[in-house]
Amino acid sequence: MKDWLKSDLKYIWHPYTQAKEALRLPPVLIKRAKGIKLYDSKGNFYYDTISSWWCNVHGHNHPRIKEAIKKQVDILEHVLFAGFTHKPAIELADKLIALTKHKFNRVFFSDNGSTSVEVALKMSFQYWHNLGNKKKTKFVSLDYGYHGDTIGAMSVSGLDLFNQVFSPLLYPVYKVPSPYCYRCPMKKERSTCAIDCIKPLEKLLKEKHAEICAMIIEPLVMGAAGMIIYPKEYLKQVADLAKKYKIHLILDEVAVGFGRTGLMFAYEHVPKIKADFLCLSKGITSGYLPLAVTLTTQEIFWAFYGDYEKRKTFFHGHTYTANPVACSAGLASLKIFKEEKTMQKLSKLVPFFHRGLEKFRDLDLVGDVRHIGFIAAMELVKDKKTKKGFGLKRRMGLEVYRRALKENLVLRPLGDVIYLFLPLCTSKAQIKDILERTYAVIKSLS
Ligand SMILES: *Cc1c(COP(=O)(O)O)cnc(C)c1O
């Protein structure tokens with residue numbers, strides 16, 4: 001038999017991976033998957049507890065998504081999307097707009113989360129330009145925010161570990177403190193605070209709004225930062241400030257869209273929120289094929305409309321834009337939401353999941369437990385009183401990852417934060433089993 005792993009280590013450059021560590025801990029060769037379980041070439045199973053990087057929604061090998069994909073491949077696999085169109089894209093745009101209850105009513109397709117963000121940033125910038133306002137050239141974002149790995153998306157991100165080396169390439173962005181309650185930037189307690197962390201943003205917008213195009217934010221959960229879950233009130237105030245100071249609001253729901261927080265979109269936790277852009281990707285095809293969308297409003301759209309020589313056109317597009325097979329997978333996923341009553345089932349399981357997380361608070365190494373919907377995070381600390389973390393050198397995350405694999409779990413900590421990002425199809429018995437195994441992994445560390 002061919003030694004596939006040997007060839008992998010010889011020829012492949014894996015994302016977010018230190019190859020030196022991969023020598024000691026080679027990648028797991030996955031052969032097949034079903035539901036929330038991955039199976040390796042030796043027959044071991046692993047719970048896909050992080051939804052294969054936050055994209056799987058209804059489980060692997062779902063018969064209805066497979067069928068939709070197979071059917072579409074037989075009809076039309078791909079066609080360029082400028083000057084041509086097709087039913088899967090039109091139908092998906094239609095359904096997405098309806099899902100947002102017409103809060104957004106234009107859809108721009110692309111093929112990954114970073115590009116959906118780039119599209120929103122460029123559209124916002126050019127909107128002001130097309131209106132004759134050339135002074136608005138800046139963006140605002142949060143410390144520790146994450147919006148993708150392309151240069152533009154990195155510029156509005158705030159994770160130094162990923163981005164610092166590239167800083168000379170990034171354009172300047174106004175960064176404000178993030179609502180990280182466990183490590184409050186204002187040194188307050190959540191139980192008594194008045195969302196004081198909004199103040200730096202308020203001050204910035206008051207002084208600089210004339211030069212700011214937009215603010216970009218991950219609604220309610222700052223994913224890559226370590227699943228920082230923040231108060232709805234903060235998001236509400238951000239939206240109010242954006243409105244007051246007439247800047248665009250870009251909601252980056254690439255990670256949290258499609259049910260993760262217990263509602264279809266995380267922004268729905270703030271019922272009357274007004275925003276100008278919505279970026280969606282990871283869960284859009286339930287993790288079957290790459291696809292992304294940037295939703296916006298008619299108001300933004302019409303600012304780009306006019307005679308060609310007026311140079312109002314949005315000159316942007318990706319080759320695989322609105323791929324029909326990916327759109328069909330997206331449509332099948334939305335259909336499953338409806339017909340299998342995914343969100344109703346989820347709302348019954350969420351309290352059970354959250355109750356099960358409470359006991360993690362007793363563990364010596366767990367400084368904070370936070371959760372929303374089917375997302376949960378346990379922040380590990382050396383000392384609960386000082387909240388001191390373990391730091392880069394200790395490689396606590398790698399240690400957790402290795403032990404978790406032995407417990408049939410895929411835990412890929414973000415720094416010192418262990419998290420679960422469960423597929424929405426996870427059953428009650430599976431939740432129980434996953435929590436027990438996760439508990440055992442953390443307990444074994446102390
Ligand atoms: C993953 C992610 C992105 C980038 O998506 P890719 O498909 O990896 O390019 C952007 N924003 C958020 C919030 C994400 O979690």
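**Exercise 1. Polar contacts of the ligand**

Identify the atom of the ligand that a polar side-chain atom of serine 114 approaches, and add the contacts of glycine 113 and aspartate 252.

*Solution.* In this predicted model, a polar side-chain atom of serine 114 is found 2.5 Å from an oxygen atom of the ligand. Glycine 113 contributes through its backbone: one of its polar backbone atoms is 2.8 Å from an oxygen atom of the ligand. For aspartate 252, the partner is a nitrogen atom of the ligand, 2.7 Å from a polar side-chain atom of this residue. A polar contact requires N or O atoms within 3.5 Å. The ligand on its own has 380 Å² of accessible area, of which the protein covers 84%.

**Exercise 2. Composition of the shell**

Determine how many residues of the shell around the ligand are nonpolar, polar and charged.

*Solution.* Begin with the residues that surround the ligand: Trp54, Asn112, Gly113, Ser114, Tyr146, His147, Gly148, Glu218, Asp252, Val254, Ala255 and Lys282. Next, sort the shell by residue class, with Gly counted as polar. The division is four nonpolar, five polar and three charged residues.

**Exercise 3. Two helices packed on α12**

Classify the orientation of α5 and of α4 with respect to α12, and state the handedness of each crossing.

*Solution.* Take α5 (residues 87-99) and α12 (residues 324-339): their axes come within 9 Å and cross at roughly 40°. The two helices are therefore oblique to each other. The crossing in which α5 passes α12 is left-handed.

Turn to α4 (residues 63-75), whose axis comes within 8 Å of that of α12, with a crossing angle of roughly 150°. Because angles over 145 degrees count as roughly antiparallel, α4 is roughly antiparallel to α12. Here α4 passes α12 in a right-handed crossing.

**Exercise 4. The pair α13 and α16**

Establish whether α13 is roughly parallel or roughly antiparallel to α16.

*Solution.* Helix α13 spans residues 342-357 and helix α16 spans residues 428-443. Their axes lie 10 Å apart, and the packing angle is about 15°. Consequently, α13 is roughly parallel to α16. The handedness completes the description: α13 passes α16 in a right-handed crossing.

Note on methods: Residues numbered from 1 in each chain as written. Predicted model: local features only at pLDDT ≥ 70, side-chain atom pairs only at ≥ 80, totals over all residues. Heavy atoms only, no water. Near = heavy atom within 4 Å. Polar contact = N/O pair within 3.5 Å; in protein donor to acceptor, adjacent residues only side chain to side chain. Areas by Shrake-Rupley, 256 points an atom, 1.4 Å probe, with all protein chains shown as cover. Axes fitted to C-alpha atoms, helices over the stretch in contact; angles between N-to-C directions. Helix = DSSP H or I, 4+ residues; strand = E, 2+ residues; numbered from the N terminus. Parallel < 35°, antiparallel > 145°, perpendicular 65-115°, else oblique. Left-handed = near helix turned anticlockwise from the far one by under 90°.
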